[in-house]
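Hello,

Here is the structure I promised to pass on to you. Have a look at it first, and then read on for what I found in it.

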Amino acid sequence: MAGSDVISYIVSVYDRLRSLSACVASLEVQDDCGQVIICYNGPGDPWIHIPHGGTKVLTGVRGAGGCYESANMVWTLAEGDWLCFPSDDSLYVADFAKIMIETAVREQADLVYCDMVYKCGSEVNEWKPYSILESEPRMGKIDKTNFIIRRELFKGFPPHPRNWRDGALIEQVIRDGAKPAKAPGVLVLHQYLVPDPSDVCL
C-alpha cells in the first residue's frame, strides 16, 4: 500500500459509535482512502461494526488512556507514508486527502494543516461554538484532527503538562526541521461531542 499519496487514518474512539460511523463514512469517500485504523479506548469489549468497501479497516484494536495514548499505541500499524489522526466525532470534506496531498507535493512539505470548524474554544483561544479555527502550526492553533504528517517524522504525541500534545508535536517536529504548509479551505469539522451512554460497546 505504501506510496507518497497514501494517508493512514488513526481514529481514536470513546463511546461515540454513531459518530464514528459518520467519521469513517467521510474517510471512505476520499480519493484512495488507503487505511483506517480504529483504536477503541472505551469501556466494554472493543467490538465495532462498520460497513466498508475497499478501505482497509482494522477494527476492535484495544486502546488505553485518552486519544493521544491510543494513537501512540497503534500508529506503527500504519502502512501509508502520511498519518492523520481523526477523532470519532470529526468529519472530513470529500476532497480532504486530495487537497492535503496536492499541497504537500506543491510545497514539498513534511507537515500539512488546514483550517477547520471547531466546536469549542480553549484557555488559549475562545470563540463561539462551531466557528472557524484559522490554524497555524503552533500550540493552541492546531488540532490533532486537522493535519497530516510524514510517517517517518512521527514518533508519538509527546507529553505535555496540560495535555496539549497535538501542539507540542507540531512545535517539536518544526524545531527538528520539518517543513510545514497550509492547505486551502476549511476541510475538517471537530464536534467535541459528549460520549453517549447508549453507544457503549457491550
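Let me start with the inside. The largest nonpolar core holds 31 residues, and those that touch the most other members are Ile 7, Tyr 9, Val 11, Phe 96, Met 100 and Ile 148. Two or more residues of this core come from each of β1 (7-13), α1 (17-28), β2 (35-40), β4 (82-84), α3 (96-107), β6 (111-118) and β9 (180-190). There is also a second, separate core of 21 residues, with Ile 10, Ile 37, Phe 147 and Ile 149 among them. As background, nonpolar side chains in soluble globular proteins tend to be buried together.

Please keep in mind that this is a predicted model.

Met 100 is a good residue to click on. Leaving out residues up to four places away in sequence, Met 100 touches Val 112, Tyr 113, Cys 114, Asn 146, Phe 147, Ile 148, Ala 183 and Leu 187.

Now for the overall layout. The chain has four helices and nine strands, and from the N terminus on their order is β-α-β-β-α-β-β-α-β-β-β-α-β. Of its 202 residues, 50% count as buried. The accessible surface of the chain is about 9,100 Å², and carbon and sulfur atoms account for 53% of that. If you take the contacts between residues at least 6 apart in sequence, 73% of them join residues at least 24 apart.

Two acidic residues may interest you as well.

Asp 166 sits in helix α4 (residues 165-175). Which side chain of opposite charge is nearest to Asp 166? That is Lys 144, at 7.8 Å, and Asp 166 has no salt bridge although it is buried. The side chain of Asp 166 does make a polar contact of 3.3 Å with the side chain of Tyr 68. Setting aside neighbours within four places in sequence, Asp 166 is in contact with Tyr 68, Ile 142, Asp 143, Lys 144 and Phe 157.

Glu 102 belongs to helix α3, one of the elements that contribute to the largest core. Is Glu 102 buried or partly exposed? Glu 102 counts as partly exposed because its relative accessibility is 39%. Its side chain is joined to that of Lys 98 by a polar contact of 2.9 Å. From Glu 102 to Val 112 the C-alpha to C-alpha distance is 9.9 Å, with their positions 10 residues apart in sequence.

Happy browsing, and best wishes!

Notes: Residues are numbered from 1 along each chain as its sequence is written. This is a predicted model: local features need pLDDT of at least 70, side-chain atom pairs count only at pLDDT 80 or more; totals for chains, interfaces and linings use all residues. Side-chain values use heavy atoms; hydrogens and water are left out. Buried means under 20% relative accessible area, exposed over 50%, partly exposed in between (1.4 Å probe, protein chains only). Lys and Arg count as positive and Asp and Glu as negative; His and the chain ends are not counted. A salt bridge is a side-chain nitrogen of Lys or Arg within 4 Å of a carboxyl oxygen of Asp or Glu. A polar contact is a pair of N or O atoms within 3.5 Å; within protein, one must be able to donate a hydrogen and the other to accept it, and residues adjacent in sequence count only if both atoms are side-chain atoms. Contact means heavy atoms within 4.5 Å. A nonpolar core is a set of buried Ala, Val, Leu, Ile, Met, Phe, Trp, Tyr and Cys residues joined through side-chain atoms within 4.5 Å. Accessible areas come from the Shrake-Rupley method with a 1.4 Å probe; for residues, only the protein chains shown count as cover.
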